[in-house]
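Please look through the model below with an eye to how its helices pack and how its charged side chains pair. The paragraphs that follow take these two topics in turn.

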Amino acid sequence: MAISPSKAMNGERAVVLLFVFRVLSSLPLSLLPHALSLSLLSLFSLFVEISADDSLSLFKTRSGASSGIMLGAVTLPTVMFSKLIQHSRAFSLQQIELGELEHMTMQFWATSACCCGVLIFFSIVIWCAANNKNPHFSCSVCDAKFSLSCVLLYSVVCCISLATISHTGFNTALKLLWLLCHGFAAVKLIQHLLNTFPCCTSIGEALLVTSGLVLYFGDMLACTISKVCGLLISPDLVSIRYGIKRSEIGIIIQGVLLGLLIFSAGFKFVIHLWEYFWGADNSKSGQNKEIRRSLIFFTSLGFIMIAIAPSWMMIVLDFDVHPVLWIFQFVFSEPFKRLSLCIYWLGLIYASVLRFYNISKNSKIERILLRKYYHLLAVSMFLPALIYQAKFLDLAFGAALAVFLVLEIIRVWRIWPLGTNLHQFMSAFTDHCDSDLLIVSHFSLLLGCALPIWMSSGFNDRPLTPFAGILSLGIGDTMASMVGHKYGVLRWSKTSKKTIEGTAAGITSVLAACSVLLPLLASTGYILTQHWFPLLIAVTTSGLLEAYTTQLDNAFIPLVFYSLLCL
């Protein structure tokens, strides 16, 4: 079955291809195999997305959104590739060690393996569905051959690349096995997400979350395995080293997220054990059962976060003191600046939430405009802190993410006494990307601002990269929505709500913000290496993606913008 060019190429796919091409155009020759693998991944994802257009009914995805497979599959690998280009530039200038470059190389291949594994899974599902629907459909055989060719060529390139950074064949085999585990874990996780949260996400959004979670927690697992091997086996016999030196704040954030993962996986198991050993007394009132469940919840959460997670940090990642003690020491090392910043944040949050919650209940203001005020709130909260207290903002983002996760768990599981009231409160700020089962808007805004900052820790020769989320969401996306809603006339397509006027306003506002921000950064001691033409391409590409995509833009636009700023 021939596919017309108009069906094969829409606005979102064209912008994604432009994004990948821009990154590939900046590669050094040493990264040619990685560039080839990224090109294959892009073509494979484009092919799978086109094939899935008529098969979305096979998956329980969010209504009103396209599959987003291509955008979800290439975003994180392209981000890692941009970081790899940046690290290669640093290594050539002898500003980082070889171990950091090899670690980033493994991160790139791990994300690629996650996305490639999920693409193989979806292509098999789609091919089987098409074959069952029409057994004599000859094109399905051609599709299978094309998919198999991409996978085989990708595997060969991966093996060659890993062989160049491995000391022995055994080392290469272990790395390939590790990547295979990433791919398998990603397939299982995305199945779990789509089944557990039906109609809450698109495939592309689920793929982005899946690859990110597998990469992040896979890194934790690798650190743990490496530490255990070092404890059980003589250091002279261990030829494999993993990881790089991490900051204290990065270790604390990893430990907190690991603790929440253990808690969310084990809470229901603890409840079942309680009922098994002490029995479920049906004579007790529902209120008493809820109180008992709540006590178990908060006791388990406190034990894991105060004892289990810190123990992992101190044993596996060689943290010198208890993390809670370190946090107090860190905050009170500059008490006036950091406590003043906390008071400023709390005041803004209290005034804004109280004001906008009342407006959302009693006003006819459209929900999308109401939420954009929170984007502006993010700019006023995070921009001054990022310029003058960047390390403290790193820690604050981690604390905010932990609080959001705990509150969402309480809301979803309706933990007494906050669960029901919290659900009613959060429902006032939802949009089309949210559902009663899962509310993701506040997560996506927080992570959209935080991820570029976290990923810019360590070596960074591009001063605007930490600001990618704040600029693209807090300024660009907000201005595009407000101007487009109020003054927009020319729409990008007949079915799109986005307007050319809104996109132009978003791009112009980000460029204007950069023109103010760059001299300000120079005055604080940054060495400016950002050139205006690449910056114009980065801002325009992210602006076009905001105009065309039907995915959760808070999740994708900051990562795309960050990736382009790294070049």
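In which sense, left-handed or right-handed, does α2 pass α19 in their crossing? In this predicted model, the crossing of α2 past α19 is left-handed. The residues that make the contact are G11, E12, V15, L18, F19 and R22 on the side of α2, and P534, I537, T541, L544, L545 and Y548 on the side of α19. Sorted by class, this contact comprises 8 nonpolar, 2 polar and 2 charged residues. As for the geometry, helix α2 spans residues 11-24 and helix α19 spans residues 532-548, and their axes come within 9 Å while crossing at roughly 155°. Because angles over 145 degrees count as roughly antiparallel, α2 and α19 are described as roughly antiparallel to each other.

The charged side chains offer a second way through the structure, which holds 7 salt bridges. In general terms, side chains of opposite charge can pair when their charged atoms come close. One of the salt bridges starts from helix α2, where the side chain of R13 meets that of E49 at 2.7 Å, N to O. This pair links distant parts of the chain, since R13 belongs to helix α2 and E49 to helix α3 (residues 32-52), with their positions 36 residues apart in the count. R13 is buried, with a relative accessible area of 2%, and E49 is buried as well, with a relative accessible area of 2%.

A salt bridge within a single helix is formed by the side chains of E408 and R411, again given as 2.7 Å, N to O. Both residues lie in helix α14 (residues 390-413), where they are 3 residues apart, or about one turn of the helix. E408 is buried at a relative accessible area of 8%, and R411 counts as buried at 0% relative accessibility.

The side chains of K498 and E546 also meet in a salt bridge, in this case at 3.5 Å, N to O. K498 lies in the loop between α17 (468-487) and α18 (500-523), whereas E546 lies in helix α19, so the pair ties together parts that are 48 residues apart in sequence. What is the burial state of K498, buried or partly exposed? With a relative accessible area of 26%, K498 is partly exposed, while its partner E546 counts as buried at 7% relative accessibility. Elsewhere, salt bridges that share partners join R89, D461 and R462 into one network.

Definitions and conventions:
Residues are numbered from 1 along each chain as its sequence is written. This is a predicted model: local features need pLDDT of at least 70, side-chain atom pairs count only at pLDDT 80 or more; totals for chains, interfaces and linings use all residues. Side-chain values use heavy atoms; hydrogens and water are left out. Axes are lines fitted to C-alpha atoms, for helices over the stretch in contact, and angles run from 0 to 180 degrees between N-to-C directions. Helices (H or I, at least four residues) and strands (E, at least two) are DSSP runs, numbered from the N terminus. Angles under 35 degrees count as roughly parallel, over 145 as roughly antiparallel, 65 to 115 as roughly perpendicular and the rest as oblique. A crossing is left-handed if the near helix is turned anticlockwise from the far one by less than a right angle, and right-handed if clockwise. Contact means heavy atoms within 4.5 Å. Ala, Val, Leu, Ile, Met, Phe, Trp, Tyr, Cys and Pro count as nonpolar, Asp, Glu, Lys and Arg as charged, and the others, Gly among them, as polar. A salt bridge is a side-chain nitrogen of Lys or Arg within 4 Å of a carboxyl oxygen of Asp or Glu. Buried means under 20% relative accessible area, exposed over 50%, partly exposed in between (1.4 Å probe, protein chains only).
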